[in-house]
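The following exercises are to be worked with the sequence and the model at hand. Each task is followed by a solution in steps.

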Amino acid sequence: MPLTSPAPGPPSSARVAAAVRHAVGAGLLGESRPVAGFIDTDGVRDSVRALQDAFAGAPGVLHTFAAKAASLVPVLRLLADCGMGCEVASPGELRLALDAGFSPSAIVLDSPAKTRDEIRQALALGVALNADSLDEVRRIASLRSSSSASVIGMRVNPQVGSGAIGAMSTATATSKFGVALLDPGARERVVQAFAEHSWLTQLHAHVGSQGCSLELIAAGVAEMYQLAEEINKTLGTRQVTGIDIGGGLPVNFDDDSVRPTFAAHAAALRAAVPGLFDGRYRLITEFGRSLLAKNGFIGALVEYTKDAGGRRIALTHAGAQIATRTVFMPDAWPLRVGAFDAEGRPKEGPPLVQDIAGPCCFAGDVVAHARELPELREGDFVVLYDTGAYYFSTPWSYNSLPRPAVYGFSTVGDGGDDGSDGDTVRFAPVRDAQSLDSIAEESGAGHADSLLGLGPRRDR
Ligand SMILES: *Cc1c(COP(=O)(O)O)cnc(C)c1O
């Protein structure tokens with residue numbers, strides 16, 4: 001099974017280059033619009049197809065997209081159009097999924113802190129829920145009516161260990177997610193809950209994300225599969241009919257290649273858990289970053305450059321407000337940076353060591369430290385590659401910086417792949433840049449006087 005795939009897959013740097021040049025030409029990036037996110041819709045469709053092909057052997061699989069990885073309604077609608085369902089973890093994400101047009105039966109609600117109201121709403125809509133704890137199973141039992149169409153599962157933590165990034169590893173011994181299966185008595189209590197509630201028909205595990213190996217993820221899924229078999233054997237009936245294997249396939253941020261592929265992931269699962277694909281269980285997946293990361297990029301204007309202590313610094317408009325994880329955990333989340341000239345063409349020239357800094361007012365706001373790139377100058381652009389998931393879709397409002405605009409793009413026509421002049425790139429709006437009125441409004445402008453009315457008045 002090949003571990004890399006040139007095609008189908010997300011865009012090459014050349015396709016990104018074509019998009020950058022056309023975005024600058026169309027004014028989507030420039031002096032008055034200094035930063036924006038871009039999503040390659042052809043690449044998204046290719047990635048979904050690769051996922052569907054990898055699991056084609058499994059009858060009745062529901063692939064859901066983890067909404068938090070790209071919480072943008074037009075992107076969710078594109079994914080619905082590709083035949084996907086949606087995994088949500090908050091009332092806001094549920095609302096986006098419904099607005100995007102997913103049918104409730106294709107939505108799965110996972111969250112470690114579901115309120116009674118959220119549970120009631122999911123049950124009324126017929127959205128699937130995975131209980132995160134035995135207490136939550138009790139809560140669902142007290143709120144559920146027999147007329148609810150919701151599939152109800154239980155999230156377990158197979159406690160198979162950590163990947164390379166602790167904050168992205170959900171199957172550690174002390175993870176906050178799911179029922180910790182190896183804890184004394186836990187397995188028995190899980191089996192007992194299934195015995196008490198015939199409507200519990202699904203198991204769920206999400207072992208982790210970036211930094212987790214295919215083997216670690218497969219080991220976690222294998223534990224869950226064995227538990228499903230044990231429950232059904234103990235109860236003498238096939239009560240567990242669904243297995244939700246979560247998402248978490250890591251993404252390669254080092255170059256254009258897609259590795260590991262969905263095909264490699266499915267092969268590792270087949271090797272570790274042969275029975276998973278034989279049709280006795282309905283499979284659910286919840287991939288996020290592996291579908292979107294390589295299908296998006298950030299473009300940002302270089303506003304100034306300066307030298308400080310012998311280091312060249314490019315001051316751009318892409319910083320912690322749009323690349324939050326990378327700024328705060330640069331070793332765990334390094335990004336490739338591309339240098340483009342004022343016309344949006346890839347820059348040539350000898351490499352110069354430069355810091356790529358953002359607009360935020362704190363010293364650590366640097367997205368790439370001591371990076372070798374052609375010399376950047378005022379009016380140039382930088383590209384942060386592979387940022388289609390968890391970056392521009394999840395901005396941070398530090399310094400009251402606006403949420404940047406997001407555009408979808410499609411490269412069509414001859415030469416669309418090579419970034420040459422003969423190509424065409426079409427854009428469509430995904431999210432408008434946030435206005436100053438909106439920033440003021442979400443900063444309490446509607447309550448501007450409210451604090452003056454509290455407490456004693458100042459004597460004049
Ligand atoms: C975040 C999350 C996912 C998606 O993870 P990716 O690493 O983006 O694939 C899937 N399931 C659950 C429960 C999650 O919390």
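**Exercise 1: The annotated region**

Locate the feature "domain: Orn/DAP/Arg decarboxylase 2 N-terminal" and describe its secondary structure.

Solution. An unreviewed UniProt entry places this feature at residues 45-292. The coordinates to be examined come from a predicted model. Over residues 45-292, helix accounts for 39% of the chain and strand for 16%. The C-alpha atoms at the two ends of this region are 10 Å apart.

**Exercise 2: Two domains**

State the bounds of domain 1 and domain 2, and describe how they are placed relative to each other.

Solution. The domain assignment gives residues 51-292 as domain 1 and residues 294-442 as domain 2. Next, take the C-alpha centres of the two domains, which lie 33 Å apart. Finally, turn to the contacts: 21 residues of domain 1 touch 20 residues of domain 2, with contact meaning heavy atoms within 4.5 Å.

**Exercise 3: Helix α9**

Which residues of helix α9 are buried, and against which elements do they pack?

Solution. Helix α9 spans residues 262-272. Applying the cut-off of under 20% relative accessible area, one finds F262, A264, H265, A266, A268 and L269 buried. The partners of these buried residues are the helices α2 (41-54), α8 (214-235) and α10 (289-292), together with the strand β10 (282-287).

**Exercise 4: The largest pocket**

Characterise the largest pocket by volume and lining.

Solution. The volume of the largest pocket is about 470 Å³. Its lining comprises 26 residues, and K68, T170, F177, H206 and S209 lie nearest the centre. Sorted by character, the lining has eight nonpolar, 10 polar and eight charged residues.

Terms used:
Residues are numbered from 1 along each chain as its sequence is written. This is a predicted model: local features need pLDDT of at least 70, side-chain atom pairs count only at pLDDT 80 or more; totals for chains, interfaces and linings use all residues. Side-chain values use heavy atoms; hydrogens and water are left out. On a 1 Å grid over the protein atoms alone, a cavity is a set of points where a 1.4 Å probe fits but cannot get out, and a pocket is an open set with protein on both sides within 12 Å along at least five of seven lines; lining residues have an atom within 4 Å of a point. Grid points are joined across faces, edges and corners, and a volume is the space filled by probe spheres set on the points. Ala, Val, Leu, Ile, Met, Phe, Trp, Tyr, Cys and Pro count as nonpolar, Asp, Glu, Lys and Arg as charged, and the others, Gly among them, as polar. UniProt positions are given in the numbering used here, feature names are shortened, and annotations may be inferred rather than shown by experiment. Helices (H or I, at least four residues) and strands (E, at least two) are DSSP runs, numbered from the N terminus. Buried means under 20% relative accessible area, exposed over 50%, partly exposed in between (1.4 Å probe, protein chains only). Domain bounds come from an automatic or database domain assignment.
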